[in-house]
Amino acid sequence: MNRRKKIVTKFQKKDKRANAKLHKSNKPAYVSKADREKLEQQISITQSDDNQEQE
């Protein structure tokens with residue numbers, strides 16, 4: 001029984017890992033602090049350009 005249980009659990013773990021790879025999480029990708037600052041600067045520049053064009 002013990003040997004059989006070990007084999008079964010081994011295959012269950014393998015199946016669980018394979019199944020986890022198929023289902024991607026909905027969690028957004030990590031963006032570093034430096035990249036976020038760059039994006040903010042680019043957005044602020046484009047917004048200020050848009051405001052100048054409207055005037």
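This section describes the fold, surface and charge distribution of a predicted model.

The secondary structure of the chain consists of two helices and zero strands. Helix α1 covers residues 2-22, and helix α2 covers residues 33-54. His 23 is located in the loop between α1 and α2, and Lys 24 is placed in the loop between these two helices as well.

The overall dimensions depart from those of a globule. The radius of gyration of the chain is 25 Å, whereas a compact globule of 55 residues would have a value near 10 Å. The C-alpha trace spans about 80 × 20 × 10 Å along its principal axes. Across 21 residues of sequence, from Asn 2 to His 23, the C-alpha atoms are separated by 32 Å.

Burial was assessed for the 55 residues of the chain, and buried residues account for 0% of them. The exposed area of the chain is about 6200 Å², of which 52% is supplied by carbon and sulfur atoms. In the loop, His 23 has a relative accessible area of 56% and is therefore exposed, the cut-off for this class being over 50%. Lys 24 is likewise classed as exposed because its relative accessibility is 70%. Leu 39, a residue of helix α2, has a relative accessibility of 44% and so counts as partly exposed; this value falls between the limits of 20% for buried and 50% for exposed.

Two surface patches were identified, one nonpolar and one positive. The nonpolar patch is made by Val 31, Leu 39 and Ile 43 and has an area of about 240 Å². Leu 39 thus joins this patch while being partly exposed, because its relative accessibility is 44%.

The positive patch is formed by Lys 10, Lys 13, Lys 14, Arg 17, Lys 21 and Lys 24. Of these residues, Lys 24 belongs to the loop between α1 and α2. For the chain as a whole, 15 side chains are positive and 8 are negative. The centres of the positive and negative sets lie 37 Å apart.

Conventions
Residues numbered from 1 in each chain as written. Heavy atoms only, no water. Patch = residues over 30% accessible without salt bridge, like charges linked within 9 Å, V, L, I, M, F, W, Y side chains within 5 Å. Areas by Shrake-Rupley, 256 points an atom, 1.4 Å probe, with all protein chains shown as cover. Salt bridge = Lys/Arg side-chain N within 4 Å of Asp/Glu carboxyl O. Helix = DSSP H or I, 4+ residues; strand = E, 2+ residues; numbered from the N terminus. Buried < 20%, exposed > 50% of the residue type's maximum accessible area, 1.4 Å probe, protein only. Rg over C-alpha atoms; globule rule 2.2 N^0.38 Å. Lys, Arg positive; Asp, Glu negative; His and termini not counted. Charge placed at Lys NZ, Arg CZ, Asp CG, Glu CD.
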